[in-house]
Amino acid sequence: MARTTPHHHAQTTGEQPLYWRIATRLLGELRDGTVPPGERLPAERRLAQRYGVSRETVRQALEVLRHEGLVATDRRGSHATLSGRPVERPTSLAFPLGIRRDAEPHTADRATVTWETPPPEHAEALSLAPHLPTLMHRYVSAAADGRGLRRAVTSFSAVALAEVEELARYRDRADGTAAAQLRRAYDWMRRSGLTLHHRDAITPLPDAPSVRVTRLVHDQYHRPLEYTDLVVDAQQDALVYEFTLPAAV
């Protein structure tokens, strides 16, 4: 099946215009699921920085995609209009670690964010200076009777906050009271051009019917992005791990 490319109605000679090449690259991200259907595209300024071009070039590229019906713009900004689900979505990476994908109606979930100094093991894993505050995410889930308790604490690195615009926005509202919607955290990282690698460690806790799971996520440059510490009531609950293998080449 041929790869879709936007039509070019203007007459050109020689090399394609810069805005046309940017439009083609954006289309590739829409097609491979880097920007999922309906998801808001990064701001023009962010796209200009990513591709090393002017905002005017980005505007022209977006106009090409709008003309072809591949991107729509409303008061929320520009977003993808392609149908279908993104391909090769990494099902083994859901945020936060331990989140219940199919929680029962009586299950109580709560997630909040704070701006504070992380635990020493988090700071060490993320290469943060001692006592340096960062964005922290807390997730608690349990049945109404208290069974199946899960508690996850996540700290984000300075790299993640600098590279991922959506995460950085939470600093000003990280007071620990408002509910936090960070379930798309890994998608945001991928959209920012980061390739995610993770290492999970599972350890039974001594003298307790619980299991501790730690996850460290780093990018293609081996820079740490986030560290999560999850404790699960292993006597009443179970963790399900899913792994996606790369396609054969």
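Contact here means heavy atoms within 4.5 Å. The model is predicted, so local features need pLDDT of at least 70 and side-chain atom pairs count only at pLDDT 80 or more, while totals for chains, interfaces and linings use all residues. Residues are numbered from 1 along each chain as its sequence is written, and side-chain values use heavy atoms, with hydrogens and water left out.

**Exercise 1. Find what L196 touches, not counting residues up to four places away in sequence.**

Step 1: skip those sequence neighbours, and L196 touches L93, Y186, M189, R190, V217, H218 and L225.

Step 2: look at the core. A nonpolar core is a set of buried Ala, Val, Leu, Ile, Met, Phe, Trp, Tyr and Cys residues joined through side-chain atoms within 4.5 Å. The largest one has 21 residues, and L196 is among those touching the most other members, along with L135, F156, L167, L182 and M189.

Step 3: ask which helix gives the most to this core; that's helix 7, with four residues. (Helices are DSSP runs of H or I, at least four residues; strands are runs of E, at least two; both are numbered from the N terminus.)

Step 4: don't mix in the second, separate core of 18 residues, which includes I22, L26, Y51 and V53.

**Exercise 2. Work out how the aromatic pairs of F95 are arranged.**

Step 1: get the rule. Rings of Phe, Tyr and Trp (its six-membered ring) pair if their centres lie within 6.5 Å; planes under 30 degrees apart count as stacked, over 60 as edge-to-face and the rest as tilted. The whole structure has two such pairs.

Step 2: take F95 and F156. Their ring centres are 5.8 Å apart and the planes sit at 35 degrees, so this pair is tilted. F95 is in the loop between strand 2 (77-80) and strand 3 (108-116) and F156 is in strand 5 (residues 150-156), so the pair ties together parts 61 residues apart in sequence.

Step 3: take F95 and Y186. With centres 5.7 Å apart and planes at 90 degrees, the pair is edge-to-face. Y186 belongs to helix 7 (residues 185-191), 91 residues from F95.

Step 4: put them together: F95, F156 and Y186 form one aromatic cluster.

**Exercise 3. Decide whether F95, Y186 and T134 are buried or exposed.**

Step 1: buried means under 20% relative accessible area, exposed over 50%, partly exposed in between (1.4 Å probe, protein chains only).

Step 2: F95 has 3%, so it's buried. Y186, at 5%, is buried, and T134, at 1%, is buried too.
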